[in-house]
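Please open the model in your viewer and keep the sequence panel beside it. The tour below goes from one selection to the next and says what can be found at each stop.

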Amino acid sequence: MKQDIKHNTSNMGRQPLVSVIIPNYNHARYLDQRIQTVLNQTYQNFEVIILDDKSTDNSLEVIAKYKVNPHISQIVINEQNSGSPFK
């Protein structure tokens, strides 16, 4: 299930837009810290794409907290575990 969340992060001056991909599978325990580490960077012209490979822990609850963040451009949740969140 792909959830496109289109926030406008591309017009932040003349700095290039950086895309950060955060893959996840059953790492809810560390997911908040991983996402916060990216969001707390001093460089601010970036988008975050979160990929989840059908986690069975509470990863989706953690991910849901970030849906409204303007840096989160996409959340992609696989409908079936594929062995890779990139599929």
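What follows is a walk through a predicted model, beginning with paired strands and ending with a segment late in the chain.

**Strands 2 and 3**

Begin by selecting strand 2 (18-24) together with strand 3 (46-52); these two strands run parallel and are joined by 7 bridges. To find one of the pairings, click on Val-18, whose bridge partner in strand 3 is Phe-46. Now add helix 1 (28-39) to the selection, and the three elements, strand 2, helix 1 and strand 3, can be followed as a β-α-β unit that is right-handed.

**The nonpolar core**

Next, display the side chains of Ile-35, Val-48 and Ile-50, which touch the most other members of the largest nonpolar core, a set of 15 residues. Helix 1, strand 3, helix 2 and strand 4 each supply at least two residues of this core, and helix 1 gives the most, with 5 residues. In soluble globular proteins, nonpolar side chains tend to be buried together. Centre the view on Ile-50 and show what surrounds this residue: beyond the residues up to four places away in sequence, Ile-50 touches Ile-22, Ile-35, Ile-63, Ile-72, Gln-74, Ile-75 and Val-76.

**Asp-52, a buried acid**

Staying in strand 3, move to Asp-52. Which side chain of opposite charge is nearest to Asp-52, and how far away is it? The nearest one belongs to Arg-34, at 7.9 Å, and Asp-52, although buried, has no salt bridge; since a salt bridge requires the nitrogen and the carboxyl oxygen to be within 4 Å, that separation does not qualify. If you display the contacts of Asp-52, leaving aside neighbours within four places in sequence, you will find Asn-24, Tyr-25, Ser-59, Leu-60, Ile-63, Val-76, Ile-77, Asn-78 and Pro-85.

**The salt bridge**

For a contrasting stop, select Lys-65 and Asp-32, whose side chains meet in a salt bridge with an N to O distance of 2.7 Å. This pair links distant parts of the chain, for Lys-65 is in the loop between helix 2 and strand 4 while Asp-32 is in helix 1, 33 residues apart. Lys-65 is exposed, with a relative accessible area of 52%, whereas Asp-32 counts as partly exposed at 26%. The count of salt bridges in the model comes to 1.

**Two loop residues with positive phi**

Most residues other than glycine have a negative phi, which makes the next two selections worth a look. Select Asn-26 in the loop between strand 2 and helix 1, where phi is positive at about 55° although the residue is not a glycine; with 27% relative accessibility, Asn-26 counts as partly exposed. Then go to Lys-54, in the loop between strand 3 and helix 2 (59-64), which likewise is not a glycine and has a positive phi, of about 60°. Lys-54 is also partly exposed, with a relative accessible area of 41%.

**Phe-86**

Finish with Phe-86, in the segment after strand 4 (72-77). Is Phe-86 buried or exposed? With a relative accessible area of 56%, Phe-86 is exposed, and apart from neighbours within four places in sequence its contacts are Ile-21, Pro-23 and Leu-51. For a last check in the viewer, draw the distance between the C-alpha atoms of Phe-86 and Pro-23, which are 63 residues apart along the chain and separated by 7.6 Å.

Terms used:
Residues numbered from 1 in each chain as written. Predicted model: local features only at pLDDT ≥ 70, side-chain atom pairs only at ≥ 80, totals over all residues. Heavy atoms only, no water. Helix = DSSP H or I, 4+ residues; strand = E, 2+ residues; numbered from the N terminus. Buried < 20%, exposed > 50% of the residue type's maximum accessible area, 1.4 Å probe, protein only. Contact = heavy atoms within 4.5 Å. Pairing = 2+ DSSP bridges. Right-handed = clockwise from strand over helix to strand, strands pointing away. Lys, Arg positive; Asp, Glu negative; His and termini not counted. Core = buried A, V, L, I, M, F, W, Y, C linked by side-chain atoms within 4.5 Å.
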